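Work through the exercises below with the sequence and the 3D structure at hand. Each task is followed by a solution in steps.

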Amino acid sequence: MFAAETRAVTVPVTGASDKETLVTWKHIAEPVEPFLQAVALRLAKQVREFDPAITSYAEYALTGQGKQLRPALVALSANAIGELNDSHVMVAVIIEMVHLATLVHDDVMDEAEIRRGRLTVGANWGNEIAVLFGDCLFAQALKLAASFPTPEICRAVAMASNTVCSGEILQTRQRRNFQFTQAEYFRVLEMKTAELFALSCDLGACLGGASPAQRAVLRQFGIALGTAYQLYDDCLDLFGSEAAAGKSLGTDLAKGKLTLPVLKFWQSGGAAEKARLQEMIMNWEPRFLPSVVELLSRHNTPGESLKTIHQYLKQAREALQALPEAANHHGLIGLTEYLARQTDHLGTGT
């Protein structure tokens with residue numbers, strides 16, 4: 001059914017800092033493109049599963065896909081162990097619906113109007129509708145998970161959903177809290193973002209016949225990659241371009257979210273500098289962003305933060321070494337190289 005997905009991704013795997021690494025999203029997605037198309041089609045068909053009165057919301061939310069990173073992880077993890085089958089499509093749809101539900105809720109909390117270049121559900125129909133529809137997406141995902149013959153899939157999806165939402169709660173509680181520690185920050189990243197990466201890898205491997213040890217390895221990979229991905233997104237919000245971010249920069253600081261560059265600065269900045277940064281964050285205006293970036297750059301927190309991303313990507317690659325030598329993990333390695341290159345571009349301002 002998905003013969004094309006079993007081909008290895010051919011990418012030159014080099015050091016994470018090698019700017020000549022020619023890894024693009026096309027390199028990674030092309031071998032699993034038939035699978036991703038099947039997921040997109042099945043996701044679009046889910047529109048009919050909602051009450052006719054709210055299908056317009058469902059169609060809007062379920063057809064505005066990004067890179068389908070989590071479905072790609074399902075496919076690549078399955079290929080690393082065995083072969084893809086139709087159950088992988090269903091699991092990828094479920095995980096993507098959970099992810100979309102979190103995005104709908106995130107946009108409400110952040111008062112965001114634009115997501116992926118178009119209006120958010122809340123901006124279109126109001127936050128009350130958006131919150132309730134996000135709940136509908138969660139419920140539909142769990143309904144699909146319950147259709148599997150064993151309860152393991154539904155249990156795993158429910159636990160991951162709980163973890164993601166708990167991580168969002170913890171982050172919200174820590175807004176503008178300058179006692180927020182890096183350990184607490186990394187725990188939030190692992191819960192709110194890395195958990196769905198880990199779930200994608202775990203269930204992709206599980207449905208491909210992986211052993212418990214192999215599933216644990218791929219889950220470890222997912223946690224490391226997902227943490228690196230969220231770190232990159234947090235740094236992009238401060239040091240990237242609006243074109244690359246697809247939104248206005250400084251949105252985290254506007255909502256009082258203290259990300260790694262700020263937390264690293266808090267360890268090395270002087271009292272007067274920290275007081276100045278705190279004052280800007282507590283009374284945020286978009287015009288403060290250049291001053292914040294300049295202040296953070298004095299202490300090399302951009303460079304140190306990007307170095308941390310590479311450290312997590314290295315952890316992800318090292319985790320895969322525990323797989324059998326015959327494992328087809330080229331695509332997973334390619335994902336780490338792709339994000340490494342994006343990180344290097346961020347460091348050079350490109």
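**Exercise 1. Find what the buried residues of H3 pack against.**

Step 1. The buried residues of H3 pack against helix H2 (33-45), H5, strand S2 (118-119), helix H6 (121-125) and helix H7 (127-145). Packing here is contact, with heavy atoms within 4.5 Å. Helices (H or I, at least four residues) and strands (E, at least two) are DSSP runs, numbered from the N terminus.

Step 2. In H3 (residues 55-62), the buried residues are Tyr57, Ala58, Tyr60, Ala61 and Leu62. Buried means under 20% relative accessible area, exposed over 50% and partly exposed in between (1.4 Å probe, protein chains only).

Before going on: the model is predicted, so local features need pLDDT of at least 70 and side-chain atom pairs pLDDT 80 or more, while totals for chains, interfaces and linings use all residues. Residues are numbered from 1 along each chain as its sequence is written, and side-chain values use heavy atoms, leaving out hydrogens and water.

**Exercise 2. Describe the lining of the largest cavity.**

Step 1. The largest cavity holds about 180 Å³ of space. A cavity is a set of points on a 1 Å grid over the protein atoms alone where a 1.4 Å probe fits but cannot get out; lining residues have an atom within 4 Å of a point. Points are joined across faces, edges and corners, and the volume is the space filled by probe spheres set on them.

Step 2. The lining has 14 residues, and Ala61, Asp107, Arg115, Arg118 and Val121 are the closest to the cavity's centre.

Step 3. H3, H5, S2 and H6 each supply at least two lining residues; the largest share, four residues, comes from H5.

Step 4. By class, the lining has seven nonpolar, three polar and four charged residues. Ala, Val, Leu, Ile, Met, Phe, Trp, Tyr, Cys and Pro count as nonpolar, Asp, Glu, Lys and Arg as charged, and the others, Gly among them, as polar.

**Exercise 3. Decide whether Ser305 is buried or exposed, and list its contacts.**

Step 1. Ser305 is in helix H16 (residues 301-320). Ser305 counts as buried because its relative accessibility is 0%.

Step 2. A polar atom of the Ser305 side chain lies 2.7 Å from the backbone oxygen of Thr301.

Step 3. Setting aside residues up to four places away in sequence, Ser305 touches Cys235, Leu260, Pro261 and Lys264.

**Exercise 4. Locate Gly117 and state its exposure.**

Step 1. Gly117 is in the loop between strand S1 (114-115) and S2.

Step 2. Gly117 is exposed because its relative accessible area is 66%.

Definitions and conventions:
A polar contact is a pair of N or O atoms within 3.5 Å; within protein, one must be able to donate a hydrogen and the other to accept it, and residues adjacent in sequence count only if both atoms are side-chain atoms. On a 1 Å grid over the protein atoms alone, a cavity is a set of points where a 1.4 Å probe fits but cannot get out, and a pocket is an open set with protein on both sides within 12 Å along at least five of seven lines; lining residues have an atom within 4 Å of a point.
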